[in-house]
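Please read the following points on the ligand site with the model open beside you. They begin with contacts to the ligand and end with a pair of aromatic rings.

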Amino acid sequence: MSAAHKILVVYYSRSGTTQRIAELLASELGADIEAIREPGEHAARRGARGYVRSLLDALRHRDVRVMPPIHDLSAYDAVVVGTPVWASHASAPAVAWLKAQHAHIRHLALFCTLGGRGSQPALDQMAKAVGKTPLAVCAVTAHDLRRRIDGTKRQGFGQKIRHRLAKLRQTEWIE
Ligand SMILES: Cc1cc2nc3c(=O)[nH]c(=O)nc-3n(C[C@H](O)[C@H](O)[C@H](O)COP(=O)(O)O)c2cc1C
């Protein structure tokens, strides 16, 4: 039997939804997990002012500062990155993190959480920041959460990641 793939789930979350999905996903995948963190006053995204700042950061494609990861990304077969959707963009901290870490990511999977609109441009923006085609993508809307179908989506996403990694490993053995 082959050794299990090492997967790291990384997420940015302003109000807890993406964090919750990331934690469930990590537990289902047997993956390690870490949050994208902003230093000092940059972390102030709470309340109405924080909302507006987040909106402007996303719309203006601002390069925000983020802390380096705690885990060694090069030790993982795949890094799964999650973000909330902000104005049909990925959150500015998630984009900044992906741009800074792209060289250390072997295989990538992406997910986002959102009210209901703008998942595709947000996921495209994240893939572009890394310069890689993701193994799998997943968008979890508020409607999915209300209807409790987020679990089905998450599990399909997790299975696709595992399946694609297994196929890639086979190819690597053959070559
Ligand atoms: C600044 C800002 C902009 C947002 N823009 C969108 C949007 O364009 N489309 C959408 O469906 N939801 C939008 N939302 C809602 C969030 O994407 C959604 O609530 C998400 O699940 C929050 O994740 P979090 O709790 O991990 O921060 C926005 C939220 C914020 C704070």
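1. A backbone N or O atom of R14 lies 2.8 Å from an oxygen atom of the ligand, and a backbone N or O atom of V85 lies 2.6 Å from a ligand oxygen, whereas for A87 the partner is a nitrogen atom of the ligand, at 2.8 Å. Taken alone, the ligand exposes 650 Å², of which the protein buries 83% (Shrake-Rupley areas, 1.4 Å probe).

2. This is a predicted model, in which local features need pLDDT of at least 70 and side-chain atom pairs count only at pLDDT 80 or more, while totals for chains, interfaces and linings use all residues. Residues are numbered from 1 along each chain as its sequence is written, and side-chain values use heavy atoms, with hydrogens and water left out.

3. Around the ligand there are 19 residues, of which S13, S15, T18, G116 and R117 come nearest (near means a heavy atom within 4 Å). This shell divides into seven nonpolar, ten polar and two charged residues, with Gly counted among the polar ones.

4. Elements giving two or more residues to the shell are α1 (17-29), α2 (47-59), β3 (78-86) and β5 (107-114) (DSSP runs, at least four residues for helices and two for strands).

5. The structure holds two aromatic pairs (ring centres within 6.5 Å). The rings of Y12 and W86 have centres 5.8 Å apart and planes at 85°, so this pair is edge-to-face (over 60 degrees). Because Y12 lies in the loop between β1 (7-11) and α1 and W86 in strand β3, the pair ties together parts 74 residues apart in sequence.

Terms used:
A polar contact is a pair of N or O atoms within 3.5 Å; within protein, one must be able to donate a hydrogen and the other to accept it, and residues adjacent in sequence count only if both atoms are side-chain atoms. Rings of Phe, Tyr and Trp (its six-membered ring) pair if their centres lie within 6.5 Å; planes under 30 degrees apart count as stacked, over 60 as edge-to-face and the rest as tilted.
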